[in-house]
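Here are some worked exercises to go through with the model open beside you. Try each task before you read its solution.

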Amino acid sequence: MFIKGETKEARDRRVQEIVKRLDAHYGSHPPIFLKNENPWQLLFATILSAQCTDARVNMVTESLYRKYTCLEDFAKVDIKELEQDIKPTGFYHNKAKNIKACAAALLERHGGVVPDDIEALTRLPGVGRKTGNLILGNVYHKPSIVVDTHVKRVSNRLGLADSADPTKTEYQLMEVLPEDVWIRWNTHIISLGRAICHSQNPECSVCYLRDLCPSRDGNDPETWRPASERKKRGVTYDGL
């Protein structure tokens, strides 16, 4: 689909082997990197995680969720106070505004319950498809694909997506990945991206997906980019 000359059958075999190896390294049950005790805590932590590490978010929410123990606390808090509470996560003006408004919306529209469909989730302040899909998968166990920077980058490098746009990447992955893999694809690829498939200087020599990756070894770094951003030259891969 996204590698010149690769048939659907060859791609399906390659995907099956990729998933098998990812599961062998990271397990078939995805971890949740953001600490939480209920759905709205995970929702707010995900909002805070934009342009911030999970480790830092977890440090902030440890005290944040002791101070604010319910949605009502967030809905009525003074915005300046909340900004100071979450300042270490960066972009704290917008994040505070969205979290306060999101808490109010959950109370007013949903009786304090985090909704379980993507349309309702993405109508909440500060919630896009990435956050909404994370809630659907990790809270409600509904098949969904979370596309962050790691997933977009590595999926494109693996030839399983062909777009710089997260939403297009999401829909492309839905076509090529088995549905039972969707939820854990995010955490598997985040783990791979952090440890090996870095944005700059990926460590292809130690990657256990090296023989399955058309971008391996940096022989043609243009293959790390989607076709829309790539120089027009015949990049090919034989597949499995």
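**Exercise 1. Find the residues that line the largest cavity nearest its centre, and say how many residues of each class make up the lining.**

Solution. Keep in mind that this is a predicted model.
- Step 1: A search of the whole structure turns up one cavity of 30 Å³ or more.
- Step 2: The space inside the largest cavity comes to about 130 Å³.
- Step 3: Its lining has 16 residues, and those nearest the centre are Cys197, Cys204, Cys207, Cys213 and Arg216.
- Step 4: Sorted by class, the lining holds 11 nonpolar, one polar and four charged residues.

**Exercise 2. Work out why Cys213 and Cys204 don't count as a disulfide, then look at Cys52.**

Solution.
- Step 1: Start with the cut-off: two cysteine sulfur atoms must lie within 2.5 Å.
- Step 2: For Cys213 the closest cysteine sulfur is in Cys204, at 6.4 Å, so that's too far for a bond.
- Step 3: Run the rule over the protein and the count is zero disulfides. Cys52 is in none, as its nearest cysteine sulfur, in Cys102, sits 18 Å away.
- Step 4: Now check burial, where the limit is under 20% relative accessible area. Cys213 comes out at 12%, so Cys213 is buried. Cys52 has 15%, so Cys52 is buried too.

**Exercise 3. Describe the largest pocket: its volume, the residues closest to its centre and the helices that supply its lining.**

Solution.
- Step 1: The volume of the largest pocket is about 800 Å³.
- Step 2: The lining runs to 38 residues; closest to the centre are Ser49, Lys130, Val146, Asp148 and Thr149.
- Step 3: At least two lining residues come from each of helix H2 (39-48), helix H3 (54-67), helix H8 (129-138), H9, helix H10 (166-176) and H11.
- Step 4: H8 gives the largest share, with six residues.
- Step 5: By class, you get 17 nonpolar, 14 polar and seven charged residues in this lining.

**Exercise 4. Take one serine from H9, Ser155, and one from H11, Ser191. Is Ser155 buried or exposed, and what does Ser191 touch?**

Solution.
- Step 1: Place Ser155 in helix H9, which covers residues 149-157.
- Step 2: Its relative accessibility is 0%, so Ser155 counts as buried.
- Step 3: Leaving out residues up to four places away in sequence, Ser155 touches His150, Leu160, Ala161, Leu173 and Trp185.
- Step 4: For a longer-range check, go to Thr7: Ser155 is 148 residues from Thr7 in sequence, and their C-alpha atoms are 18 Å apart.
- Step 5: Move on to Ser191, found in helix H11 (residues 182-195). With a relative accessible area of 18%, Ser191 is buried, because the limit is under 20%.
- Step 6: Again skipping residues up to four places away in sequence, Ser191 touches Tyr26 and Phe33.

**Exercise 5. Which stretches have a pLDDT below 50?**

Solution.
- Step 1: Begin with the average pLDDT, which is 90 for the protein, with 90% of the residues scoring at least 70.
- Step 2: One stretch below 50 covers residues 219-227; the model gives this stretch 23 contacts beyond near neighbours in sequence.
- Step 3: Residues 229-240 also have a pLDDT below 50, and this stretch has 29 contacts in the model, again beyond near neighbours in sequence.

Terms used: Residues are numbered from 1 along each chain as its sequence is written. This is a predicted model: local features need pLDDT of at least 70, side-chain atom pairs count only at pLDDT 80 or more; totals for chains, interfaces and linings use all residues. Side-chain values use heavy atoms; hydrogens and water are left out. pLDDT is the predictor's confidence in each residue, from 0 to 100. Contact means heavy atoms within 4.5 Å. On a 1 Å grid over the protein atoms alone, a cavity is a set of points where a 1.4 Å probe fits but cannot get out, and a pocket is an open set with protein on both sides within 12 Å along at least five of seven lines; lining residues have an atom within 4 Å of a point. Grid points are joined across faces, edges and corners, and a volume is the space filled by probe spheres set on the points. Ala, Val, Leu, Ile, Met, Phe, Trp, Tyr, Cys and Pro count as nonpolar, Asp, Glu, Lys and Arg as charged, and the others, Gly among them, as polar. Helices (H or I, at least four residues) and strands (E, at least two) are DSSP runs, numbered from the N terminus. Buried means under 20% relative accessible area, exposed over 50%, partly exposed in between (1.4 Å probe, protein chains only).
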